[in-house]
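Let's take a friendly walk through this pair of chains. Keep the sequence and the 3D view open while you read.

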There are 2 protein chains.
Amino acid sequence: MTDPRPTPLPPPEISDATLRRFVGYHMKRAFNVVQADLTATLGPFRLRMLTYSALVLVCDNPGLSQTRLAAAMDIERPNLVVIVDELERRGLITRDRVPTDRRAYALMPTPSGRRLCGQAIKAVEAHEARLFAGLDDTTRQTLVAVLSALRATPNS
Amino acid sequence: MTDPRPTPLPPPEISDATLRRFVGYHMKRAFNVVQADLTATLGPFRLRMLTYSALVLVCDNPGLSQTRLAAAMDIERPNLVVIVDELERRGLITRDRVPTDRRAYALMPTPSGRRLCGQAIKAVEAHEARLFAGLDDTTRQTLVAVLSALRATPNS
DNA sequence: TATTGTTATACTCTATAACTATA
DNA sequence: TATAGTTATAGAGTATAACAATA
């Protein structure tokens, strides 16, 4: 199976050894892959990673306030507003006033929201099972442990 | 050390067990931490993760074309244009026409670009050493191996 | 004064279509 | 025709300041 073509210009391998030494570089690329796959998985539910995360947290913690939800999602409160707007507009959650603190909202899942959430969770489970099929349990646990430990950064 | 205050409302722990079961959730949060830290690290050099990656690749592969650089960085060519624009405007790289193919550019680092690149690499090395100080070599290698393996996604 | 939710805003990254000039 | 680089554009995520209502 020799190739008779006079290879027009054998594209010299790119040397990315320097970049590959940095974990952040690998994290970025890996996350892009996961993100793209997850977006496709959630597409049929008209959810994105952020709306999905918010819906799951509201279903698991009915009555959550937006401030605490934003903290749990590790995003800024202003950025949560549009996410809650979207979930509320679709009738998946409700914003109920808290009698004891009329500043805050108690976010509650609707029956429809709970239903969609359950379906989306199953889809994401299947998505992750496929994506991480090559990892044994120990490696997967190590991965999660390492990523979790990165939460708090003792910056200099 | 008893607390005499009548805890106004003991914020019930948020149950995020469902989300925590998904690796993508941990990847997102971990990447946000790394990204924020890296942005701070590169700030003094007026570089971001993308401009840094591009500069490193051009320094390691002088004469690289934009198409191949975009492929190496795993971004779309249109998005690379502004990155190359910025590096060129700052005098860190040059866009030289390729005599044999006048459509393409040969990206070359300037002496100033090489100098800044060397300094930035050292800063990023220190940044990563600090960020991943808790990981032994084996764990770190496992992490990189797992993240790298995620590149190609056999999507269903 | 402090906090909840909100608006406005800006920057970055990502993705696609369509154009130009070359090949 | 196909490719290299470009422009325009749109969507999404992130971050900060400042405001009204309420505590």
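## A salt bridge between the chains

In this predicted model, Arg21(A) reaches across to Glu125(B), and their side chains form a salt bridge with 3.0 Å from N to O. If you would like to find this pair on screen, display the side chains of Arg21(A) and Glu125(B). How many salt bridges does the rule find across the interface of chain A and chain B? The count is two.

Polar contacts join the chains as well: 14 residue pairs meet this way across the interface, with both partners at pLDDT 80 or more.

## What chain A brings to the interface

Several helices of chain A face chain B. Helix 1 (17–20), helix 2 (23–42), helix 3 (49–60), helix 4 (66–73), helix 6 (111–131) and helix 7 (137–149) each give at least two residues to the side that touches chain B. Which of the helices supplies the largest share? That is helix 2 of chain A, with 12 residues.

Sorted by character, the residues on this side of chain A are 30 nonpolar, 12 polar and 15 charged.

## The extent of the contact

Both chains take part with 57 residues from chain A and 57 residues from chain B. Together they bury an area of about 5,900 Å², and carbon and sulfur atoms account for 66% of that area.

## How the two copies are related

Two copies of a chain are related by a rotation about an axis and a shift along it. Here, a turn of 180° with a shift of 0.0 Å along the axis lays chain A on chain B, with an RMSD of 0.1 Å. The two copies are therefore related as by a two-fold rotation axis.

To see where chain A approaches this axis, look at Leu143(A): its C-alpha is the nearest one in chain A, 3.2 Å from the axis. The same surface is used by both copies, since 100% of the contact residues of chain A recur in chain B.

## A backbone detail at residue 74

One more place to visit is the loop between helix 4 and helix 5 (77–89) of chain A, where Asp74(A) sits. Its phi is near 65°, a positive value in a residue other than glycine. Is Asp74(A) buried, partly exposed or exposed? With a relative accessible area of 40%, Asp74(A) is partly exposed.

Chain B has its own Asp74(B), in the loop between helix 4 (66–73) and helix 5 (77–89). Asp74(B) is not a glycine, yet its phi is positive, at about 65°. Its relative accessibility of 42% makes Asp74(B) partly exposed.

Definitions and conventions. Residues are numbered from 1 along each chain as its sequence is written. Chains are lettered from A and ligands numbered from 1 in the order in which they are written. This is a predicted model: local features need pLDDT of at least 70, side-chain atom pairs count only at pLDDT 80 or more; totals for chains, interfaces and linings use all residues. Side-chain values use heavy atoms; hydrogens and water are left out. Contact means heavy atoms within 4.5 Å. Buried area is the accessible area (1.4 Å probe) that two parts lose on being put together, summed over both. A salt bridge is a side-chain nitrogen of Lys or Arg within 4 Å of a carboxyl oxygen of Asp or Glu. A polar contact is a pair of N or O atoms within 3.5 Å; within protein, one must be able to donate a hydrogen and the other to accept it, and residues adjacent in sequence count only if both atoms are side-chain atoms. Helices (H or I, at least four residues) and strands (E, at least two) are DSSP runs, numbered from the N terminus. Ala, Val, Leu, Ile, Met, Phe, Trp, Tyr, Cys and Pro count as nonpolar, Asp, Glu, Lys and Arg as charged, and the others, Gly among them, as polar. Copies are superposed by least squares on the C-alpha atoms of residues with pLDDT of at least 70 in both. Buried means under 20% relative accessible area, exposed over 50%, partly exposed in between (1.4 Å probe, protein chains only).
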